Amino acid sequence: EPLAEAGSISFSLRIGPGEERGVLVSVVLEEDGEEVRLVPRSRGLYKGAPALESDWEALRRTWEQSVEDLESLAFDAGDGLLVPAAGSPWYMALFGRDALITAYQTMLLGSEPARNTLRALARHQATVRDDFTDAEPGKIPHELRSGELARFGEVPHSPYYGTADATPLFLVLLHELWRWTGDAEIVRELEGAARRCLAWILDHSDKTGDGYVAYATRSTEGLRNQGWKDHYDSMLFRDGTLAEPPVAPCEVQGYVYDALRRTAGLAEEIWEDKALAADLREKAGELKARFDRDYWMEDRSYYALALDGEGRQVDSITSNPGHLLWSGLLPPEKARAVADRLLGERLFSGWGVRTMAEGEGGYDPVSYHNGSVWPHDNALIAHGLACYGFHREASRIAAALLDAAPHFGYRLPEVFGGHTREEESKPVEYPTSCSPQAWAAGTTPLLVRAVLGIEPDGPPPEETGPEGYLREVRAPKSVFPGAGDPSF
């Protein structure tokens with residue numbers, strides 16, 4: 001009989017000379033006394049992902065590892081909806097922002113992750129205001145847990161709604177799914193959820209009266225910061241002082257701008273609501289004009305990280321404005337300045353774009369959000385650079401990350417150190433980085449999409465389903481200028 005103790009299982013066996021014995025260990029996972037159903041491999045979330053052919057081993061092997069990791073993170077969020085968990089080992093749960101961005105990053109691999117993510121999150125969309133969970137009507141959840149602490153109300157994750165960006169990202173992904181598949185039925189199915197998202201953005205998200213989406217937790221157990229950089233010290237002025245909430249991060253305004261424009265297209269083409277479409281386009285135009293006036297820092301030729309509760313610019317130089325390229329919020333004349341800053345020596349380490357520029361008051365290359373390198377952050381930046389026509393810059397970021405990948409066994413981690421190539425011959429590991437992690441695994445597909453320019457051509461096709469997807473992607477090393485060259 002085995003002896004089970006905390007952290008170990010031991011067996012006492014009598015084995016004679018030359019005798020062989022095999023021990024088979026079977027583990028049954030249970031929740032509330034019921035066996036947890038495992039996902040059959042035949043139902044894998046990314047089983048139809050295209051293969052990639054490349055003469056660049058780092059790219060090919062990182063792509064293969066990414067698809068494998070995405071598959072390993074798939075879990076049943078209810079009623080057979082397979083969605084990507086945020087990451088292992090700490091975040092094996094449904095996270096709104098993470099699942100939405102991962103599904104966007106991996107549209108090249110298939111549409112099911114996007115469909116399932118949207119449906120799963122819509123089921124948990126907030127309907128009332130609740131201070132303990134930071135819920136407000138129409139808000140998309142940040143995190144859903146079903147453990148003991150959540151069940152007994154000791155933590156607010158049942159679900160918790162402390163995120164300023166999941167709600168606009170829901171609308172961005174819904175439109176992106178339609179772009180790639182032409183699936184008008186799901187746009188009609190989720191019309192109510194989408195309209196409630198709009199209502200939250202327009203009626204509940206402005207905490208300061210200046211027209212921007214901002215956050216300030218009301219929960220005693222809530223997150224201080226509720227953008228993607230949600231560590232407590234991620235919103236810093238250039239002198240290292242903490243910004244006090246309500247805080248309106250710059251990239252969240254970009255997501256809102258993109259959501260308004262995209263939803264206008266859905267309203268006009270699918271919901272046949274031209275009045276709503278016109279109103280949303282007008283609001284998007286007003287946001288674009290206000291944003292450039294309020295966030296642009298003339299003395300630094302760059303956009304502020306955020307506005308604080310008093311409307312002051314949180315003036316650190318960070319990677320966040322790079323997301324504005326993805327959202328399309330920047331005027332062309334300012335986009336060049338942002339691109340140059342992102343690839344400048346203070347932000348670009350040679351392994352990727354840092355979250356904060358060297359020399360800022362809060363800079364630390366091994367901090368979580370103030371100088372480290374996040375692969376998914378870089379992928380969104382590279383995608384945005386390509387959208388603005390900065391293809392060389394996008395390729396440079398892609399090449400840097402893929403040069404880093406072999407040092408992590410071809411599995412890009414959640415985050416790694418922001419040290420330069422001159423300081424360290426290989427990227428420095430972050431000790432508590434999730435591995436695998438969903439949007440880190442989604443990095444390579446989005447980089448390939450950005451560099452090769454793989455986009456839906458023209459209006460969405462009428463037919464839906466995986467048959468419209470590529471079965472193979474070819475990406476020779478030559479399309480990534482500077483690969484392997486730290487001086488590029």
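This is a short chat about ring contacts and burial in a predicted model.

Q: Before we start, what kind of model is this, and how are residues numbered?
A: It's a predicted model, where local features need pLDDT of at least 70, side-chain atom pairs count only at pLDDT 80 or more, and totals for chains, interfaces and linings use all residues. Residues are numbered from 1 along each chain as its sequence is written, and side-chain values use heavy atoms, with hydrogens and water left out.

Q: Cool. How many aromatic pairs are there?
A: The count is 12 aromatic pairs. Rings of Phe, Tyr and Trp (its six-membered ring) pair if their centres lie within 6.5 Å; planes under 30 degrees apart are stacked, over 60 edge-to-face, and the rest tilted.

Q: What's the geometry of Y104 and W326?
A: That pair is edge-to-face, with 5.0 Å centre to centre and 65° between the planes.

Q: Are those two buried or exposed?
A: Both Y104 and W326 are buried, meaning under 20% relative accessible area (exposed is over 50%, partly exposed in between; 1.4 Å probe, protein chains only).

Q: And how do F408 and F416 pair up?
A: They make a tilted pair, 5.4 Å centre to centre with 40° between the planes. F408 has a relative accessible area of 15%, so it counts as buried; F416 is buried too, at 0%.

Q: Switching topic: which rings form a cluster?
A: Ring pairs link Y212, F291, Y295, W296 and Y303.

Q: What sits over the rings of Y212 and W296?
A: R290 lies over the face of Y212, 4.8 Å from the ring centre, and the charged end of K334 is over W296, 4.4 Å from its centre. The rule is NZ of Lys or CZ of Arg within 6 Å of the ring centre and within 35 degrees of the ring normal.
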